[in-house]
Amino acid sequence: MTGVSIDGAQVASSASGSASRSFELEQVSINNVSRIELTKVPTPSTPADSLAGSVNMVSKSAFERSRAQFRYRGYLSANHENLSLTRTPHSFEKYTYKILPGLDFDYTLPVSKTFGLVITGLVSNQFNEQHLSHTAFNAAGTATGASFARPYFQQHTLQDGPTTVHRSSASVKADWKFAPHQVLSVGIQGNYFNNYFGTYNWVRNAGTNANPTVTVANGGVPFSYSDKFTVGATGRGGVTFGGGFRDKMGATTAGNARYTYDDGNWKVEAGANYSTSRTWYRATDRGHFAVVNLATVNPVRVSFRDLSPDLPGTVEVFDNSNRPVDPYDINTYRVTTATDNPVDAKDEFEGGDLSVRRTLPFLPFPAALQLGGRHRIQTRDI
């Protein structure tokens, strides 16, 4: 419920293919932005779907410089865990570079005192490691005796999700001061975004049933726990792998023409704009599944020992005959599901606005009266 606009024109956002009003900033670059205006509460001049406020990014103007200026920057981006200059493995079963280059520039050209151009561009590449550790405690379960006052450590998840992000953008804006106090600005920009991520989830679960699937007389181990350990019941645990492997791509373009008259007392603004955004996810046609899940071939018992609030000190896995199972051996697992779920989403804005504002200098406090109107059409297709 926060509207995002560029030079007063709302920008489209296909929001990862979800039917929501959220705005994703990943397809917007700010190297062409001069300043950012925040409205914390809605005003009569902001769209009605901006109940949480609004963000307006004001693009750079040629009139901000008295002479031509070309600024540029080149750099390398790296994660301290991957400082090799050669290709190293990625979770997509391919070798990739992890130290990646980037470049951005802006060129401001005041052709005359009344006309100027601003041209900007950006190419950004980043690789990032994502290591997460999740713990889960349970205050229930069948015959476990657990409660909210005395829960047991049920599950530990390790997640590794390396991700590589490529982003590029370009923009051109022309400003023409064709008469005193009057400026006509026309701008267009385009952004492309590509993120491929491969996430592995390794889950060790002691289960929620205290009754072993093999009787104690036949060697089954019942459930027990304290604040220092959890011993899962025979056959009630699980060790699983889950993975999400997606190529997420997006493209956003925005065009805006705006007229402004401002003599200090009167301010007239009028504009027309168009913006479109696309997001698409791909997996199998990129050579991999979107989601892959694996589970142990046979039922297992999982125990956690030397527990701390954040991590188990030791994780043990046994089969129904109480023989140790190696959770690091790929032969322990079988594939249970392999799926694909491609997504195509599009968001489109077109509209225009006109407003007239008059300051009221005769009052003892700052005040103004503004009248205006706005017409906007939004089309979402998922």
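Here are two short exercises on the structure above, each with a worked solution.

Residues are numbered from 1 along each chain as its sequence is written. This is a predicted model, so to speak a computed one: local features need pLDDT of at least 70, side-chain atom pairs count only at pLDDT 80 or more, totals for chains, interfaces and linings use all residues, and side-chain values use heavy atoms, without hydrogens and water.

**Exercise 1.** Work out where T144 sits and what surrounds T144.

*Solution.*
- Begin with the strands, which are DSSP E runs of at least two residues, numbered from the N terminus. T144 lies in the loop that links strand 10 (131-138) to strand 11 (152-160).
- Next, check burial (under 20% relative accessible area, 1.4 Å probe, protein chains only). With a relative accessible area of 8%, T144 is buried.
- Then list contacts (heavy atoms within 4.5 Å). Leaving out residues up to four places away in sequence, T144 touches Y152, T208, A210, F223 and Y225.
- Finally, look along the loop: the T144 side chain reaches the backbone nitrogen of A146 at 3.3 Å.

**Exercise 2.** Describe the fold and dimensions of the chain.

*Solution.*
- Count elements: the chain has 23 strands and 0 helices.
- Compare the radius of gyration, taken over C-alpha atoms, with the globule rule of 2.2 Å times the number of residues to the power 0.38. The chain has 29 Å, whereas a compact globule of 382 residues would be near 21 Å.
- Add the box: along the principal axes, the C-alpha atoms fill roughly 95 × 50 × 35 Å.
- Close with burial: 42% of the 382 residues count as buried.

Methods. Helix = DSSP H or I, 4+ residues; strand = E, 2+ residues; numbered from the N terminus. Buried < 20%, exposed > 50% of the residue type's maximum accessible area, 1.4 Å probe, protein only. Polar contact = N/O pair within 3.5 Å; in protein donor to acceptor, adjacent residues only side chain to side chain.
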